[in-house]
Amino acid sequence: MKINFEQLRQQKLDNEVIINLFENLYNEMNNNNYNKIKLNEIAIIESIGLNEFEIELKNEPISINDIFIVSKNGQIVVTPNFIIKIEKNKVVLSDARLKNKDEIFVTYKY
């Protein structure tokens, strides 16, 4: 399955639609028992530079395109465009909307 994030961004989806998408994705994955997909792992953002942040995950993601990040309040959605690199289980992001020590939900394949 491929998601066209540019198309989603142009639609200016509200938080309720995003939450509904997550609920449907979560239910689909739970019902079909997909392997090696981590749903909504909580991570803490650590500042490493100007608008650059790092998160540490429990597992090493397969690729940048297999990571989806949402702030705890649902206001910020971080798509793969904002991910700079992956170093083992550490992910480096660049997004001015994020703040040091924010909690986020990360869904990814590993």
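Here is a walk through this fold, from the overall outline to the sheet and then the cores.

Keep in mind that this is a predicted model. The protein has two helices and eight strands, and starting from the N terminus the order is α-α-β-β-β-β-β-β-β-β. So both helices come before the strands as you read along the chain. The radius of gyration is 13 Å, close to the 13 Å that the globule rule gives for 110 residues, so the protein is as compact as a globular protein of that length. If you want a feel for the outline, the C-alpha trace spans about 40 × 30 × 20 Å along its principal axes. Of the 110 residues, 30% count as buried. The protein exposes about 7,300 Å², with carbon and sulfur atoms supplying 47% of that area. Sequence distance is worth a look too: take the contacts between residues at least 6 apart, and 66% of them join residues at least 24 apart.

Now for the sheet. Four strands make an open, antiparallel sheet, and their order is S2-S3-S7-S6. Strand S2 (46–49) and strand S6 (83–87) stand at the edges with a single partner strand each, so one side of each has no neighbour in the sheet. From one strand to the next, the twist averages 25°.

Zoom in on S7 and you can follow its pairing on both sides. With S3, the antiparallel pairing runs over five bridges; here Glu54 sits opposite Val92 and Ile55 sits opposite Val91. With S6, the pairing is again antiparallel, over four bridges, and Ile86 is the residue standing opposite Val91. S6 and S7 also form a hairpin with two residues between them, and Lys88 in that turn has a positive phi of about 55°.

What about the packing? The largest nonpolar core has 16 residues, and Ile55, Ile69, Leu93 and Val106 have the most contacts inside it. Strands S3 (52–56), S4 (67–71), S7 (90–94) and S8 (103–109) each supply at least two of the core residues, with S8 giving the most, at three.

Ile69 makes a good place to click. Leaving aside residues up to four places away in sequence, Ile69 touches Ile55, Ile76, Val77, Val78, Leu93, Ile104, Phe105 and Val106. There is also a second, separate core of six residues, and among them are Phe5, Ile18, Phe22 and Val77. Val77 is therefore worth a second look: this member of the second core is also on the list of residues that Ile69 touches.

Notes:
Residues are numbered from 1 along each chain as its sequence is written. This is a predicted model: local features need pLDDT of at least 70, side-chain atom pairs count only at pLDDT 80 or more; totals for chains, interfaces and linings use all residues. Side-chain values use heavy atoms; hydrogens and water are left out. A nonpolar core is a set of buried Ala, Val, Leu, Ile, Met, Phe, Trp, Tyr and Cys residues joined through side-chain atoms within 4.5 Å. Buried means under 20% relative accessible area, exposed over 50%, partly exposed in between (1.4 Å probe, protein chains only). Contact means heavy atoms within 4.5 Å. Two strands pair if DSSP finds at least two bridges between them. Axes are lines fitted to C-alpha atoms, for helices over the stretch in contact, and angles run from 0 to 180 degrees between N-to-C directions. The radius of gyration is taken over C-alpha atoms; the globule rule is 2.2 Å times the number of residues to the power 0.38. Accessible areas come from the Shrake-Rupley method with a 1.4 Å probe; for residues, only the protein chains shown count as cover.
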